[in-house]
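Open the model in a viewer and keep the selection panel at hand. The stops below say what to select next and what is there.

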Amino acid sequence: MTKDLFGKALLDYQNGNYSEDIITSTHISDADPLPLPYLFRDYSEMPTLEQKALQLSKGNILDVGCGSGSHSLWLQEKGFHVKAIDSSEGAIKVAKKRGVLNAELKPLLQETQTFDTILLLMNGTGIFQELTHVSRYLKHLKSLLNPNGQILIDSSDISYMYKDEDGGLWLDLNQGYLGELDYFLSYKGEKETPMKWLYLDFETLKTACITVGLKCEKVKDGEHFDYLARIF
């Protein structure tokens, strides 16, 4: 079980107790602050890939891993019916406090309603955890789509993190897929239970989609090896 330090941090910020940021790291990268204000950003502060995903959203929408609810709030303001889910109890409390009308503490695999648009943003493939889980998640997502529905998801090709100065890859051939990371989070001196977090390059995501009977197209490239994809 997680300690929900992410949720605690969001609640602190929402309640005016902001004194420090979340610290994240992975087994291939050093400690890096995740500024809490960024998790409460409005549309103008969002990366272009997120803005594009929101612009393409239609119909009845599911916001997966909604965090503080920034994406859901913007969509609500545009008149969309949005359901926001997250597995962080603190995040759901914050999303509700901020005005998200339909926010529920629920893991994606337990969702049963159907939608016209499903959003998985801020490295949406992270929720898949490992390459071996991707098909299971994609099949479930497919079952949640209405006819002509779409999944909008972003991720990054992180192979650049394994390149040396000459552009060659340094690889441990025993380690499996490059995008599988051990993810560590701490807040106010407390360490969260380590978790798995998956970055998928576009071609791997596309192949995985094809194997479960879904189509996948790249909508837009980001500024740093990231991309937005549409699955349908």
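**Stop 1: the cysteines**

Select cysteine 66: with a relative accessibility of 6%, this residue counts as buried. Bear in mind that the model is a predicted one. Next select cysteine 216, which takes part in no disulfide; the nearest cysteine sulfur belongs to cysteine 209 and is 4.2 Å away. A disulfide requires the two sulfur atoms to be within 2.5 Å. Cysteine 216 is also buried, at 9% relative accessibility. How many disulfides does the count come to? By this rule the count is 0.

**Stop 2: the sheet**

Now show the strands as a cartoon. An open sheet is formed by 7 strands, and reading across it gives the order E5-E4-E3-E6-E7-E12-E11, with mixed pairing. Colour strand E5 (103-105) and strand E11 (216-221) to mark the edges, as each of them pairs on one side only. From one strand to the next, the twist averages 20°.

**Stop 3: strand E3 and its neighbours**

Select residues 60-64, which make up strand E3. Is this strand largely enclosed or largely open? Of its 5 residues, 4 are buried, so strand E3 is largely enclosed by the rest of the structure.

Add residues 81-86, strand E4: this strand runs parallel to E3, and 5 bridges join the two. Then add residues 115-120, strand E6, which also pairs with E3 in the parallel sense, here over 4 bridges. To see individual pairings, pick isoleucine 61. Its bridge partner in E4 is valine 82, and its bridge partner in E6 is threonine 117. Valine 64 has leucine 120 as its bridge partner in E6.

**Stop 4: helices on the sheet**

Select residues 70-77, helix H3. Together with E3 and E4, helix H3 makes a right-handed β-α-β unit. Helix H3 packs on the sheet and touches E3, E4 and E6, and its direction makes about 170° with that of E4. Move on to residues 89-97, helix H4, which packs on the sheet as well, touching E4 and E5; the direction of H4 makes about 165° with that of E5.

**Stop 5: the cores**

Which residues have the most contacts inside the largest nonpolar core? Select Leu108, Ile118, Phe128, Leu138, Leu205 and Ile231; the core has 29 residues. At least two residues of this core come from each of E3, E6, H5, strand E7 (145-156), helix H6 (202-211) and strand E12 (226-231). Zoom in on leucine 138: setting aside neighbours within four places in sequence, this residue is in contact with Phe128, Ala208, Cys209, Val212, Leu214 and Ile231. A second, separate core has 20 residues, among them Leu36, Phe40, Ile158 and Tyr183.

**Stop 6: leucine 141**

Finish at leucine 141, in helix H5 (residues 134-143). Is leucine 141 buried or exposed? The relative accessibility of leucine 141 is 0%, so this residue counts as buried. Show what surrounds the residue: not counting residues up to four places away in sequence, leucine 141 touches Leu108, Ile118, Leu120, Phe128 and Ile151. For a last distance, take leucine 141 and cysteine 209, which lie 68 residues apart in sequence and, C-alpha to C-alpha, 11 Å apart in space.

Note on methods. Residues numbered from 1 in each chain as written. Predicted model: local features only at pLDDT ≥ 70, side-chain atom pairs only at ≥ 80, totals over all residues. Heavy atoms only, no water. Buried < 20%, exposed > 50% of the residue type's maximum accessible area, 1.4 Å probe, protein only. Pairing = 2+ DSSP bridges. Right-handed = clockwise from strand over helix to strand, strands pointing away. Contact = heavy atoms within 4.5 Å. Core = buried A, V, L, I, M, F, W, Y, C linked by side-chain atoms within 4.5 Å. Axes fitted to C-alpha atoms, helices over the stretch in contact; angles between N-to-C directions.
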